Amino acid sequence: MLSLSSLTAGYDGGTVLHGLDLEVPEGSVHAVVGHNGAGKTTLIHTVSGLVSTSSGRVELAGADVTRQPAHRRACSGVGLVPQGRRVFPGLTVQEHLALAFGRRSRRERATAQWTPENVKELLPRLAERAGHRGRQLSGGEQQMLAIARALLGQPRLLLLDEPTEGLAPLIVQDIADLIKKTLPDRGLTILVAAPRPAFAADVADRVTILVAGRIADEFSAKELRDEPDRAAEAMGHAAAEGAPASPSRAETVSL
Ligand SMILES: Nc1ncnc2c1ncn2[C@@H]1O[C@H](COP(=O)(O)OP(=O)(O)O)[C@@H](O)[C@H]1O
Ligand SMILES: [Mg+2]
């Protein structure tokens with residue numbers, strides 16, 4: 001579904017991603033793990049088209065989209081759940097869903113895989129909170145809303161950037177279940193960025209370790225569960241578990 005070859009990308013200030021190769025087969029879940037500043041968000045934005053590629057290729061379902069702008073890629077089936085969730089504080093849940101679903105003909109509404117109604121069935125908390133504004137939602141509810149909003153764009157490839165950042169353990173498990181089971185069962189291919197190898201081993205089929213914009217290692221989730229130290233070694237610290245997550249830094253991506 002997604003294929004990156006020799007992908008190099010960055011900002012005016014310099015190159016962040018250095019020649020990445022990555023294959024994400026249809027229906028699979030792929031996690032990109034790395035410390036703060038490793039380039040996870042840059043990679044996700046390069047796939048969604050928000051950051052442009054300086055060399056190499058981005059292919060979606062066999063089509064070269066390297067030069068396609070973000071809105072075209074969204075139409076081709078790339079959905080983004082951004083880091084920090086980006087919920088509008090003054091809009092209600094229902095208004096977010098209506099906005100994300102957009103103006104569609106009756107026929108489009110009838111054939112859409114995802115509608116405001118069925119995302120609320122998938123994420124019942126959103127149905128309960130339909131009249132609440134973004135600022136009144138908990139972090140977990142905001143994350144569910146950010147996922148619902150991306151689904152309403154009818155994606156084939158869903159990009160999730162640190163979807164459990166700052167959330168309570170129970171909600172983290174709900175989100176893990178969505179990523180590893182519920183969404184793939186509905187035909188989605190998933191690329192998820194996460195700081196912790198343990199979360200990646202739980203949700204993903206394959207895991208790439210990103211260090212300073214380069215692939216330090218790549219393995220199956222099973223290999224990672226059997227040898228948790230391998231991720232820690234690749235990431236350059238002693239213990240896979242127990243190390244505190246890096247403090248979340250203010251978003252530096254200005255788009
Ligand atoms: N909008 C931007 N302009 C310039 N540099 C940026 C921008 N966003 C991120 N960077 C830099 O790119 C590198 C990787 O950042 P990022 O992709 O956000 O990493 P991660 O998501 O893994 O924390 C960092 O050195 C960061 O400072
Ligand atoms: Mg990031």
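Two strands count as paired when DSSP finds at least two bridges between them. The model discussed here is predicted.

Q: What makes S2, S1, S4 and S5 an open sheet, and which strands stand at its edges?
A: The four strands follow the order S2-S1-S4-S5, with antiparallel pairing. Strand S2 (14-24) and strand S5 (63-64) each have a single partner strand, so one side of each is left without a neighbour in the sheet. Those two are the edges.

Q: How do you know that S1 and S4 are paired?
A: Pairing needs at least two bridges. Six bridges join strand S1 (residues 2-11) to strand S4 (residues 53-60), and the two run antiparallel. Therefore they count as a pair. Leu-2 stands opposite Leu-60 in S4.

Q: Which helix lies across S1, S2 and S4?
A: Helix H1 (residues 40-48) does, running at about 115 degrees to S1.

Q: Why are S6 and S10 called edge strands?
A: The six-strand open sheet has the order S6-S7-S8-S3-S9-S10, with mixed pairing. Strand S6 (78-81) and strand S10 (214-220) each have a single partner strand, so each has one side without a neighbour in the sheet. On average, neighbouring strands here are turned by 15 degrees against each other, direction ignored.

Q: How do you know that S3 and S8 are paired, and in which direction do they run?
A: The cut-off is at least two bridges. Strand S3 (residues 29-33) and strand S8 (residues 189-194) are joined by five bridges and run parallel. They therefore qualify as a pair. His-30 has Leu-191 in S8 as its bridge partner.

Q: Which helices pack on this six-strand sheet?
A: H1 is one of them, touching S3, S6, strand S7 (157-161), S8 and strand S9 (206-211). Its direction makes about 155 degrees with that of S7. Helix H11 (residues 228-235) also packs there, touching S3, S9 and S10. The direction of H11 makes about 175 degrees with that of S10.

Q: Why is H3 called roughly parallel to H7?
A: The axes of helix H3 (residues 93-101) and helix H7 (residues 139-151) come within 8 Å and cross at roughly 25 degrees. Angles under 35 degrees count as roughly parallel, so the label fits. The crossing is right-handed.

Q: What makes up the contact of H3 with H7?
A: Val-93, His-96, Leu-97 and Ala-100 in H3 meet Leu-145, Ala-148 and Arg-149 in H7. By class, that is five nonpolar, one polar and one charged residues.

Q: Why is Thr-115 called buried?
A: Its relative accessible area is 13%. Buried means under 20%, so Thr-115 qualifies. Thr-115 sits in the loop between helix H4 (106-111) and helix H5 (116-122). Not counting residues up to four places away in sequence, Thr-115 touches Phe-101, Arg-109 and Leu-152.

Key. Residues numbered from 1 in each chain as written. Chains lettered and ligands numbered in written order. Predicted model: local features only at pLDDT ≥ 70, side-chain atom pairs only at ≥ 80, totals over all residues. Heavy atoms only, no water. Axes fitted to C-alpha atoms, helices over the stretch in contact; angles between N-to-C directions. Parallel < 35°, antiparallel > 145°, perpendicular 65-115°, else oblique. Left-handed = near helix turned anticlockwise from the far one by under 90°. Contact = heavy atoms within 4.5 Å. Nonpolar A, V, L, I, M, F, W, Y, C, P; charged D, E, K, R; others polar. Buried < 20%, exposed > 50% of the residue type's maximum accessible area, 1.4 Å probe, protein only.
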